[in-house]
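Please take a moment to look over the sequence and the model before reading on. The paragraphs below are meant to be followed with both in view.

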Amino acid sequence: MPVPMPEDQPETPYLELLARGAPAEAYERPVLRARADKAPAGRLAALERAKLLALRVRGELEGRRRREAELSALFETAHDLAGLRDLDAVLQAIVQRARSLLGTEVAYLTLNDPTAGDTYMRVTDGSVSARFQQLRLGMGEGLGGLVAQTARPYVTENYFDDPRFQHTRAIDAGVSDEGLVAILGVPLLLGSGVIGVLFAADRRARVFEREQIALLASFAAHAAVAIDTANLLAETRTALAELEAANEIIRTGSGVIERASEVHDRLTELVLRGGGVHDVAAAVAEVLSGSVEFVEADEAPQAAVEWSRAEGHAVRRGEEDWVAAVSAGGELLGALVLRGHPRLDPVDQRTLERAAMVTSLLQLARRSAGEAEQRVRGELLDDLLDAPDRAPRLLRERAARLRADLDAPHVVLAASIDTPGPERCGAPAEDAADRQRLWSAASHLAVTRHGLAAARDGGTVLLLPLDEGDSADALARRTARQLGTAVHTAVTVGASAPIPAPAARPGEVAACYAEARRCLAALRVLGRAGQGAAAEDFGFLGLLLAGTRDGAPDGTRVQDFVARTIGAVLDYDERRGTDLVRTLGAYFASGMSPARTKDELHVHVNTVAQRLERVARLLGPDWQSPSRSLEIQLALRLHRLASAVTHP
């Protein structure tokens with residue numbers, strides 16, 4: 001009897017398939033090939049038996065490989081726990097491995113939130129829905145609620161058709177948005193309590209095997225250990241931090257006296273060697289390990305400064321700033337602002353307050369030293385007002401020594417302290433003190449703005465440069481606010497029209513001062529004490545207040561008034577070729593009667609109404625109010641006069 005060759009053995013092709021890890025469908029090919037070759041029935045039966053044995057071996061090998069992969073993943077997870085540094089990274093790795101080994105499309109982990117009384121999504125892998133990733137579940141809701149209540153794994157082949165757990169609109173909407181169908185959930189157990197749930201889910205119906213449920217439960221146990229370890233580490237770090245804080249308090253307390261002594265020595269040295277306020281701020285910043293800045297009175301945070309003045313101490317502003325007022329004799333000189341200190345102990349607070357006191361002394365010393373320069377500035381302004389025939393060259397040289405440019409546009413401002421009410425009730429001594437404080441504040445403002453200031457006529461006069469794009473009216477309001485803040489009472493300021501170059505036209509300074517005083521008086525009469533304004537702010541009254549350099553109306557100012565009042569109508573007539581200006585004149589001449597106006601213009605009354613509607617859109621809805629109509633009629637008359645002169 002011949003010995004069968006290896007290729008005649010029925011097991012041979014299946015061993016080759018097992019060796020190369022062929023798919024299950026490949027195991028049918030040897031049988032099909034033998035049938036095609038019309039092999040004997042005995043050989044076909046042997047091949048069938050060999051195929052079944054090979055498939056069984058293949059299944060065993062696949063199971064071993066799967067268990068090997070599962071054990072490897074669990075080992076890696078245990079290794080991660082042994083070197084736990086980042087809880088988020090460990091939990092993310094657990095969820096990713098669970099999804100990979102179970103072959104699901106999504107895996108996620110929820111944790112209980114004892115404070116909010118619900119559970120929240122902690123980690124997801126494979127999720128594409130933002131709503132699902134932000135989902136929060138009430139206790140006992142959804143599949144996770146059932147797992148948490150029973151502390152047992154639960155699986156559903158079709159989530160939406162499963163009545164075993166409580167469905168809610170929010171949870172169902174999130175699950176639907178993610179497209180999940182089959183879900184497996186296992187509890188995260190810590191002792192006898194459930195702290196969360198680990199899930200694996202598919203977007204199609206499927207059955208989870210016992211081995212898969214056990215594997216996911218193993219991952220859940222690792223996750224619970226990771227969370228418990230992280231909590232213990234956090235508690236340990238907190239305890240260490242508290243010990244370090246206590247130790248720091250002890251060290252800080254021992255250095256308090258040394259710091260206070262150092263601050264005292266440094267501030268004393270600064271004063272003796274003639275240091276300035278910024279030197280004090282730098283020294284205190286170094287001692288307090290923060291940023292300290294000296295700010296002028298008009299730039300200081302008003303509410304905090306007033307609180308500091310009232311309390312007599314440094315006060316907190318916001319979350320990390322401290323403010324100490326710098327004042328002397330009731331006058332606010334500025335403030336020291338410490339930034340970057342959420343908390344300030346009493347010694348450091350006292351250090352900031354002592355620095356503010358030293359700063360006030362330095363400010364007073366600087367003011368005393370600067371009074372000589374202020375007097376020089378006052379003398380130059382007095383010469384411009386009283387001796388306009390001075391040589392422009394000498395005026396420029398004197399101004400240059402004071403860092404003032406009298407060839408640039410300037411505005412003359414008249415300032416006076418005013419208490420709201422019909423009349424002031426202060427004693428003469430108090431009035432004199434107020435005037436002195438006003439002059440001091442005005443002189444300081446003149447120095448910072450490179451202008452001039454002088455005491456005059458019971459008030460103060462200033463000559464300040466006008467920046468490009470600025471206006472005399474805005475400068476007057478700003479000056480009133482700055483001086484009022486500095487002297488801590490209402491200051492009224494009247495301003496003149498700009499002087500293009502005071503050095504070239506010194507004679508105009510006195511006329512502008514008279515104009516500024518008229519504006520100041522008008523503000524008082526109109527009940528606007530404590531404000532600032534120029535002639536342009538008073539409408540047609542500004543023409544009377546402004547006067548002129550030679551006593552006659554100024555054509556430029558008349559044109560400006562006309563342009564401000566009816567310029568929109570004039571521009572419209574010029575662009576469209578309409579006759580709204582003539583209609584306005586006829587309307588006012590007819591006693592504001594549309595019927596008489598249409599007779600005057602020989603047009604239909606509807607035409608008059610349409611023209612007046614256009615005027616309202618151009619001038620505003622209040623154009624017929626008494627004050628506005630008076631200004632408009634005056635502007636119309638001035639326009640007709642100007643037109644008659646131009647086109648006689």
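What follows is a walk through a few strands, a loop and a surface patch in this predicted model.

A convenient place to begin is strand S6, which covers residues 193–202. Nine of its 10 residues are buried, so the strand is largely enclosed by the rest of the structure. Strand S5, made up of residues 182–190, pairs with S6 in the antiparallel sense through nine bridges, and one of the pairings places Leu 189 opposite Val 194 as its bridge partner in S6. S5 and S6 form a hairpin in which two residues lie between the strands, and Gly 191, in the turn, has a positive phi of about 70°.

S6 also pairs with S1, the two strands running antiparallel and being joined by six bridges; here Ala 107 has Ala 200 of S6 as its bridge partner. Just before S1, which spans 106–113, the chain leaves helix H4 (87–102) and passes through a loop that holds Thr 104. Is Thr 104 buried or exposed? Thr 104 is buried, because its relative accessible area is 7%, where buried means under 20%. When neighbours within four places in sequence are set aside, the residues in contact with Thr 104 are Arg 99, Ala 200, Ala 201, Asp 202, Arg 206 and Phe 208.

A contrasting setting is found in helix H11, residues 346–386, where Leu 361 has its place. Leu 361 counts as exposed because its relative accessible area is 55%, and exposed means over 50%. Together with Met 357 and Leu 364, Leu 361 forms a nonpolar patch on the surface, and the three have about 280 Å² of accessible area together.

Definitions and conventions: Residues numbered from 1 in each chain as written. Predicted model: local features only at pLDDT ≥ 70, side-chain atom pairs only at ≥ 80, totals over all residues. Heavy atoms only, no water. Patch = residues over 30% accessible without salt bridge, like charges linked within 9 Å, V, L, I, M, F, W, Y side chains within 5 Å. Areas by Shrake-Rupley, 256 points an atom, 1.4 Å probe, with all protein chains shown as cover. Salt bridge = Lys/Arg side-chain N within 4 Å of Asp/Glu carboxyl O. Helix = DSSP H or I, 4+ residues; strand = E, 2+ residues; numbered from the N terminus. Buried < 20%, exposed > 50% of the residue type's maximum accessible area, 1.4 Å probe, protein only. Contact = heavy atoms within 4.5 Å. Pairing = 2+ DSSP bridges.
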